[in-house]
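Subject: Structure handover and notes

Dear colleague,

I am passing on the structure we spoke about, and below it you will find my notes on what turned up in it. Please read them with the model open beside you.

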Amino acid sequence: MTEISKYHSKDIMEFVTVGIEFCKRIENAKFTTREAFVGTMIKILPLLYIKALIVLNFKTDEIFYTEHFVKAADYRAVACGVAAIMKDLDDYLDVFVEDFKYSDDPIHCTVSESLADIYQEIADFLYIFKQDNEESTYAALCEISDSFAERWGQILVNVMRPMHEIMYNSGTDI
């Protein structure tokens with residue numbers, strides 16, 4: 001029996017699985033209805049957050065450079081696909097963003113850009129993880145751990161509020 005890499009533990013593989021499912025749903029958003037998309041995001045986003053909390057505790061003082069595979073065109077395609085199905089329910093106001101420190105007014109955000117931001121982080125990690133190189137995987141885990149704590153974890157919880165509002169309180173047929 002061969003030894004399983006410490007970067008292929010059950011918890012990491014569950015995070016990877018949820019990440020793959022999230023990316024697949026975001027990439028195919030334009031092929032679904034808003035109701036189905038919102039319903040899926042309401043379920044998958046909390047799961048992604050929980051799996052990240054369990055796994056993403058890789059810290060190092062080493063400086064790594066990991067390649068980023070999601071290009072600006074990919075980001076725009078994902079954001080536009082989500083915006084196309086969210087339509088008039090894409091916008092939301094938020095106070096838990098960096099820019100709010102300099103303003104008394106809530107900051108305008110969109111579900112589509114928030115989800116594209118999360119997608120970019122997860123997809124970049126998955127591309128590296130798929131290469132199955134131990135050193136690269138470790139660097140990618142360190143990077144996504146840092147970016148979860150600094151950026152996309154907060155974006156994820158921020159976008160949950162408007163998704164919940166759309167699902168349960170919008171008064172609009174989704």
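Which element gives the largest share of the lining of the second largest pocket? Before answering, I should say that this is a predicted model. The largest share comes from α4, which supplies six residues, and the elements that give two or more residues to this lining are α1 (10-27) and α4 (111-130). The pocket holds about 210 Å³ of space, and its lining includes Val 16, Ile 20 and Lys 24 as well as Tyr 119, Tyr 127 and Phe 129. By residue class, the lining divides into eight nonpolar and three charged residues, with no polar ones.

Two of these lining residues, Tyr 127 and Phe 129, reappear among the aromatic contacts. A search of the whole structure finds five aromatic pairs, and one of them joins Phe 69 to Tyr 127 in a tilted arrangement, at 5.2 Å centre to centre with 35° between the planes. This pair links distant parts of the chain, since Phe 69 sits in the loop between α2 and α3 (72-86) while Tyr 127 belongs to helix α4, 58 residues apart. Phe 69 is partly exposed, with a relative accessible area of 22%, and Tyr 127 is likewise partly exposed, at 35%.

Another pair, Phe 148 with Trp 152, is edge-to-face, at 4.8 Å centre to centre with 65° between the planes. Both residues lie in helix α5 (residues 134-168), four residues apart, which is about one turn of the helix. Phe 148 has a relative accessibility of 9% and therefore counts as buried, and Trp 152, at 0%, counts as buried too. Phe 129, for its part, forms one aromatic cluster with Phe 15 and Phe 125.

Phe 15 also leads to helix α2 (residues 34-55), where Lys 51 is found: leaving aside neighbours within four places in sequence, Lys 51 is in contact with Glu 14, Phe 15 and Val 18. Although Lys 51 is a lysine, its relative accessibility is 15%, so it counts as buried, the limit being under 20%.

Finally, the strands. β1 (residues 91-94) and β2 (residues 107-110) run antiparallel and are joined by four bridges, with Tyr 92 standing opposite Cys 109 in β2. The side chains along β1 alternate, in that Tyr 92 and Asp 94 point to one face and are buried, whereas Asp 91 and Leu 93 point to the other and are not.

With best wishes

Key: Residues numbered from 1 in each chain as written. Predicted model: local features only at pLDDT ≥ 70, side-chain atom pairs only at ≥ 80, totals over all residues. Heavy atoms only, no water. 1 Å grid on protein atoms, 1.4 Å probe; cavity = no way out; pocket = protein on both sides within 12 Å on 5 of 7 lines; lining within 4 Å. Points joined across faces, edges and corners; volume = space filled by probe spheres on them. Nonpolar A, V, L, I, M, F, W, Y, C, P; charged D, E, K, R; others polar. Buried < 20%, exposed > 50% of the residue type's maximum accessible area, 1.4 Å probe, protein only. Contact = heavy atoms within 4.5 Å. Pairing = 2+ DSSP bridges. Phe/Tyr/Trp six-rings, centres within 6.5 Å; stacked < 30°, edge-to-face > 60°.
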